[in-house]
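Colleague: Please take one part of this model and look at it closely. I would like a single connected account.

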Amino acid sequence: MVRTIDEITGSRRMRRMRKFDWSRRLVRENHINVDDLIWTIFLCEGTGIRQPIESMPGVDCFSVDVAVEQTLQAMELGIPAIAPFAREPANIKTESGSYIVDPENLTNRFARELKKHAPGIGLITDAALDPYTTHGHDGILHNGVILNDESVEMIAQGALAQARAGADIIAPSDMMDGRVGAIRDNLDANGFQDVAILSYAAKFSSAFYKPYRDAIGTAHLLKGSKNTYYVDPANAVEALREARQDLLEGADMLMIKPGLPYLDIIYRLKETFTVPIFGYQVSSEYTMLKIAATNGWIDGKQAIMEILLAFKRAGCDGILTYFAFDIAEKLHRLT
Ligand code: PBG
């Protein structure tokens, strides 16, 4: 006896609501909104500079003046916050990365300029030593070992310098133990109780950061891996412990990085904690998509939106992405 489809499904037909554009829109569960986007940009020395980054086609390194101009445009498009990363020149780099505390470093100069011209956009600064060290590691390297406590002290001082320059949110990306608590203490002791901490709670020791290292000029400096401080890509429970620890130390928000290969971690964090969760679509995620799209091997626009929706489905409150400006423009045109 062959049953009819209605007998098989009990007359429950999922396709009813997929029939029209309006009905699909009516039942759509997740949306990409400009408020979800944090634009990640690169800073370099000079004036009037827009220097292409070879391994990230379509992404340029901006001198401070250009970065301010671009950020103003991003603000007009409705992007709520930006996250700059600095390509510092070789002559400031030292073994200890102490240039992170200098009020004149690129990030701090940009912060002051930005707050002068565009106080209405959030500024998220990256607190780690890699732009400032001769070896490209996020902490202080001594006899082949990344020193935890000494690095934390330096990073906490660097975070304070960023707050003084105008940062709204400090994002420690170094994965040293105790850095969130040390940064919180140092900010509070100096009157910056209102500056928030977005911790890279679970940053994985990933192959997906290479174009970023090209962009900030650390790829050729870095010897060895970051395995002694970033999380092992095989571990999920450990990422939960990292996140819990960062919250106990005073993190206001959590970030997971990379994004797409770690959506399970984002989902688990969202299920476990009640703080805002962010995903970082990192440099190689950008490049893979961009190259395939440029060659016509994937529909770039559709693929980008599909991936960002995946971040949202997994539980992200926002996404750090190199595509933020382009997406914001596209969303703007649609409204
Ligand atoms: C390091 C840092 C990294 C990124 C931002 N800050 C990782 C690294 O170089 O090991 C990667 C971002 C990206 O790939 O887009 N503090």
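Modeller: Here is a close look at helix H3 and then at the largest pocket.

This is a predicted model: local features need pLDDT of at least 70, side-chain atom pairs count only at pLDDT 80 or more, and totals for chains, interfaces and linings use all residues. Residues are numbered from 1 along each chain as its sequence is written, and side-chain values use heavy atoms, with hydrogens and water left out.

Helix H3 spans residues 64-76, 13 in number. Helices are DSSP runs of H or I with at least four residues, strands are runs of E with at least two, and both are numbered from the N terminus. From first C-alpha to last, H3 reaches 18 Å, close to the 18 Å expected at 1.5 Å a residue. That expected span is 1.5 Å times one less than the number of residues.

Val64, Val66, Ala67, Val68, Gln70, Thr71 and Ala74 of H3 are buried, meaning under 20% relative accessible area with a 1.4 Å probe, protein chains only. An α-helix has 3.6 residues a turn, so residues three or four places apart point the same way. The buried residues of H3 pack against four strands by name, S1 (37-44), S2 (50-52), S3 (60-63) and S4 (81-86). They also pack against helices H4 (106-117) and H12 (324-334). Contact here means heavy atoms within 4.5 Å. Just after H3, glycine 78 takes a positive phi of about 100°.

H12 also matters for the lining of the largest pocket, giving four residues, the largest share.

Terms used
Buried < 20%, exposed > 50% of the residue type's maximum accessible area, 1.4 Å probe, protein only.
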